[in-house]
Every structure is written in structure tokens, then in C-alpha cells.
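Subject: Structure handover

Hello,

Here is the structure I promised to pass on. My notes follow below it.

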Amino acid sequence: MITIIILCRKFRNLFFKIRSFRDAVPVITSGVMTIVLMSSVLFGIQTYFNLSPGVFSVGAAVFLNGHIHRLFMHPFSHRTLAQLLPSIAALLFLSGSLERGVGSVRFLIRFLLLSTSSGLVYSFLDLLQDDSSRAPTEGLVPVALACVAVTTMHTKMTKGFLCGVSFPTMALPWVFLIITTALIPNCVLPCNIIAVLVGWMCGKGWFSYLDMSETRAGVLEKMMPFRLLRNISGVKFVPASTEERRKTLLPRINPTPGSYPVQAYAPLSSINNADPGAVMYEGWSNSPSAPSNPVAPHGHGATHGFGLTHGHSCSHVHHAGCLNMSYLTNHNTFSPSKP
């Protein structure tokens, strides 16, 4: 018997661990999945054709060689598989909240805006350094950090929790910057710092004239190729409209009658058989034709509150002396009842 109890507790603990892990896994959305697919395809092309590492990296070569296309390609470029997989994980955990807040189409537009701005600023700063100090960079980590900075600027939360430790919300991008730079290979710290600052400026509204409005995004998501995002199986497409976004992320729950433990419902068949004229009120029958209690003399009911104070009760089946005593007691009259 003790062994069975121990096994039941172990299965229960395992169930709660699986449930907690399932809740911690982020919801895969269409915008994030599109970026992951593009990064994987570009990595496969680089590996298959044996392209030189850093062929799409941003740095001084953007201005020296006129490689403007690197500003748009560098977030999807990764040198090794050990850099690609952690970058994808960082994008899934850090950028999903921004897409759920603005929609899939606006998230992709903002992703390009943040990546090109961060790459342009870093390329200019890298141009000012010596040849030996230049370090080209690429990958999804800078843009993911910029998305975190944008999200923290729009949230109303003052505290954030990471691994059970409380941090101020504004400090979370810098905490993630330290973690990602230390764990993910080929990460350049100056580029990550610039990305967080660019995300902070975007959250402040400095790039509002370059951002897309909700109305235009709603029209654009019905056109090709953005219309294909709705057809990706296994992922969730987030509409640009606020009302549709709430319906998608917060579906309405219609509970069945009687699903709450505080509600009680009497069977309808027994009510109809007992009294055809009964009316249901909050699950209980209320019959207007039910006989009322007998009325005692002087307009008072046969049963009074005498039992609440003295521990006795009087019913209409008792003799008249009991009725008179109950009546006199309720009216604070201490004269004996007449026979």
C-alpha cells in the first residue's frame, strides 16, 4: 500500500512538471516561423555552396565595398549550426510577445526596420575603427534583443521575473543581452548594445513615421505574399486589427450549464411531473399556485423567531396557547396567555 502511494505521488509530480514545461513553451506564430524558415534556408544555401563565412555580415564592408544588401540579409545569416539553433531559440522566446501585440504583418515590417537600423549604425561605427579591431556580425540575436526593448517600453509591468529572480522591467533587455552574448557564439557585444538602444528608440516612437499603421497592415495581410501566412499549418497567425487579435489570442469560452460547482439545477422532468405550473428560477422551481403557510391571528405566521432566542419553535399544528405565547413573546409582552 505504501509503495502504491509513493508511485502515485511520483506520477503526480511528473504530471505537474510536464504541465509546467508545456506552459513555458512559447506559442509559435506566423511571423517568427517565417523568419526561422528564411534563416534555415539561407544557412542551407551557404553550407551547400560552401560560401565564405561572413559573406552577409554587416560591418565596414557595407560602406567600403557598397554591399548595401547586407543590411537586409545579415539577420538571416549564420556561420555555424551552433550559432543558428541558439539564435532561433532566442527569437522564439524573446520576440513572440511583440508579434502578439502588433500582428504578424506589422511584426515582419518592424523586424526589418530594427535589423536594418541596427546594422546601419553598427556598420558606421565599425568603419571608424582600425582594420584590426573590426568585427563583422550577423544573426538573429541583435534583433531579438531589440524586440525585447520595444516590448518593455510598451508594457505596464514594473517588475519582471527570470528564473525566479525579480528584475525591473527596463533592465530585462540588458539582462538578456548579457546572457545571450555569453552563451551564443559569434555574438558581438557592441552590436547587441546598439540593437537594444535602437529598440528603445523605436519603443519611444522615434521611428513612428516609418512604422506601418494598423489599417494598412490589415489591407496588406489580405494580399500576396502575406496571405500565405494564414495557410501555414501548425502556427498561429496574429491579425493586425485589435478586435480580431483579441479574438485570436483570447478566444471566448462558453461554459455548459451546470459546469460550475456553485450552481444547482433540478431535473426538469421531476418539476413538470410535480407541478405543471412551476417556473424555473436560477435552477429551482417557483410555483405560483403552491399553498402558502397558514396565517395565525393578528396577521402573523404560525412559525415565529421564538426558536432563535430560546431554542424552541412553534408550528401551526400546536394548540392556540402556544400561538398566543409566541405572539406575546415576539411583541415583548410578558403577560400570560388566556386559556
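I start with one helix. In H2, the buried residues are Ser 30, Gly 31, Val 32, Met 33, Thr 34, Ile 35, Val 36, Ser 39, Leu 42, Phe 43 and Gln 46. They pack against helix H4 (70-73), H5 and H6. Bear in mind that this is a predicted model.

The length of H2 checks out. It has 19 residues, so at 1.5 Å a residue it should span 27 Å, and its end C-alpha atoms are indeed 27 Å apart. Just after H2, Asn 50 has a positive phi of about 55 degrees.

**Overall**

The chain has 339 residues, and 35% of them are buried. Its secondary structure comes to 14 helices and four strands. Take the contacts in the chain with a separation of 6 or more: 63% of them are between residues 24 or more positions apart. The accessible surface is about 21,500 Å². Carbon and sulfur atoms account for 65% of that surface.

**Cores**

Nonpolar side chains in soluble globular proteins tend to be buried together. Which residues are the best connected here? In the largest nonpolar core, which has 37 residues, Ile 35, Leu 91, Phe 107, Phe 111 and Leu 114 touch the most other members. Five helices give two or more residues each to this core: H2 (30-48), H5 (81-102), H6 (104-127), H7 (141-154) and H9 (189-204). H6 provides the largest share, with seven residues.

A second core is separate and has 15 residues. Leu 94, Ala 144, Ala 149 and Phe 176 are among them.

Leu 91 is a good residue to inspect in the viewer. Setting aside neighbours within four places in sequence, Leu 91 is in contact with Val 32, Ile 35, Val 36, Gly 96, Phe 111, Leu 140 and Ala 144. Of these partners, Val 32, Ile 35 and Val 36 are also on the list of buried H2 residues.

**Aromatic pairs**

The whole structure yields four aromatic pairs. Tyr 48 and Phe 49 make one of them, in an edge-to-face arrangement. Their ring centres are 5.0 Å apart, with 90 degrees between the planes. Are these two rings buried or exposed? Tyr 48 is exposed, at 69% relative accessible area. Phe 49 is exposed too, at 55%.

Trp 200 and Trp 206 also pair. Their centres are 6.0 Å apart and their planes meet at 65 degrees, so this pair is edge-to-face as well. Trp 200 is partly exposed, with a relative accessible area of 34%.

Ring pairs also link Phe 76, Phe 107 and Phe 111 into a cluster. Two of these names came up earlier: Phe 107 and Phe 111 are among the residues with the most contacts to other members of the largest core.

**Cysteines**

How many disulfides does the structure hold? Zero. Cys 147 is in no disulfide, and its nearest cysteine sulfur, in Cys 202, is 8.9 Å away. A disulfide needs the two sulfur atoms within 2.5 Å, so the 8.9 Å between Cys 202 and Cys 147 is too far for a bond. Both residues are buried: Cys 147 has a relative accessible area of 1%, and Cys 202 has 11%.

Best regards

Terms used: Residues are numbered from 1 along each chain as its sequence is written. This is a predicted model: local features need pLDDT of at least 70, side-chain atom pairs count only at pLDDT 80 or more; totals for chains, interfaces and linings use all residues. Side-chain values use heavy atoms; hydrogens and water are left out. A nonpolar core is a set of buried Ala, Val, Leu, Ile, Met, Phe, Trp, Tyr and Cys residues joined through side-chain atoms within 4.5 Å. Buried means under 20% relative accessible area, exposed over 50%, partly exposed in between (1.4 Å probe, protein chains only). Contact means heavy atoms within 4.5 Å. The expected span of a helix is 1.5 Å times one less than its number of residues. Accessible areas come from the Shrake-Rupley method with a 1.4 Å probe; for residues, only the protein chains shown count as cover. Rings of Phe, Tyr and Trp (its six-membered ring) pair if their centres lie within 6.5 Å; planes under 30 degrees apart count as stacked, over 60 as edge-to-face and the rest as tilted.
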